[in-house]
Amino acid sequence: MQSLNVTIVCNVLPTESPEKIKNAIRKVFGDVAFTDDERRIIAEGDKQAVESLINVIARERIAARAYFLFKARKKGDSIIFPLERDPLTVGKISFGEDSAVPPIWVEIRGNVDEVLERLRSIADNA
C-alpha cells in the first residue's frame, strides 16, 4: 500500500482509563503515536497501521461489510468511519455509532482506493 495515513480520535469519558483506550487502539492498529490530554486521545499511524486494521477485518471475516461502509463514507482521498469502543478492547471490530458510549473515529487518508480494492479482494476470496 502506497502513501496512507490514519488518525484515530477518541474522547475520553470521566470514568474511562486513557491507558485502556490506548491499549485497545494498539490491538487493532499496532504501533501508533499518541498525543492526548485529559479529554481526548489522538493516535497517528502510517500504512502499517492501516495494514493492521485490514488484517483484523480479514480475521473477523467482515471485509465485505467494511468495503461497503468504507465506499459509502469515502470523500475524495479520505474515509472517515466510527468504531465501537468495547469490541476494540479484545481486538475485534464493530462499526457503528449506536452504542451508549461515543465511538472512536477513524480517518484513513491517501490512496484509499487501494484500501477499497484490498477489502474487495479479501471479501471475494472469503
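L119 lies in helix α5, and in this predicted model that's a good place to start looking around. L119 is buried, with a relative accessible area of 0%. Setting aside neighbours within four places in sequence, L119 touches I54, I57, A63, A66, Y67 and F70. One of those partners, A63, sits 56 residues away along the chain, yet its C-alpha atom is separated from that of L119 by 5.4 Å.

**The α3/α5 pair**

Zoom out from L119 and you get to the helices themselves. Helix α3 covers residues 63-73 and helix α5 covers residues 112-124; their axes come within 8 Å and cross at roughly 150 degrees. The cut-off for roughly antiparallel is over 145 degrees, so α3 counts as roughly antiparallel to α5. As for handedness, α3 passes α5 in a left-handed crossing.

Which residues do the meeting? From α3 come A63, A64, A66, Y67, F70 and K71, and from α5 come V115, L116, L119, R120, I122 and A123. Sorted by class, this contact has 10 nonpolar residues, two charged ones and no polar ones.

**A loop residue with a positive phi**

R61 belongs to the loop between α2 (47-60) and α3. What is odd about the backbone here? R61 isn't a glycine, but its phi is positive, at about 60 degrees. Most residues other than glycine have a negative phi. Is R61 buried or exposed? R61 is exposed, with a relative accessible area of 72%.

**Over on strand β1**

Now for T7, whose place is in strand β1 (residues 4-11). T7 is buried, at a relative accessible area of 12%. Its side chain joins that of E44 through a polar contact of 3.0 Å. E44 also shows up in the wider list of T7 contacts, which leaves aside neighbours within four places in sequence: I42, A43, E44, W105, V106, E107 and R109.

**Three residues side by side**

Here are the burial values for the residues picked out above.

| Residue | Relative accessible area | Class |
|---|---|---|
| L119 | 0% | buried |
| T7 | 12% | buried |
| R61 | 72% | exposed |

Buried means under 20% relative accessible area and exposed means over 50%, so T7 at 12% falls in the buried class, while R61 at 72% falls in the exposed one.

To come back to where we began: L119 of α5 is among the residues that meet α3, and its contacts there include A63, A66, Y67 and F70.

Notes
Residues are numbered from 1 along each chain as its sequence is written. This is a predicted model: local features need pLDDT of at least 70, side-chain atom pairs count only at pLDDT 80 or more; totals for chains, interfaces and linings use all residues. Side-chain values use heavy atoms; hydrogens and water are left out. Axes are lines fitted to C-alpha atoms, for helices over the stretch in contact, and angles run from 0 to 180 degrees between N-to-C directions. Helices (H or I, at least four residues) and strands (E, at least two) are DSSP runs, numbered from the N terminus. Angles under 35 degrees count as roughly parallel, over 145 as roughly antiparallel, 65 to 115 as roughly perpendicular and the rest as oblique. A crossing is left-handed if the near helix is turned anticlockwise from the far one by less than a right angle, and right-handed if clockwise. Contact means heavy atoms within 4.5 Å. Ala, Val, Leu, Ile, Met, Phe, Trp, Tyr, Cys and Pro count as nonpolar, Asp, Glu, Lys and Arg as charged, and the others, Gly among them, as polar. Buried means under 20% relative accessible area, exposed over 50%, partly exposed in between (1.4 Å probe, protein chains only). A polar contact is a pair of N or O atoms within 3.5 Å; within protein, one must be able to donate a hydrogen and the other to accept it, and residues adjacent in sequence count only if both atoms are side-chain atoms.
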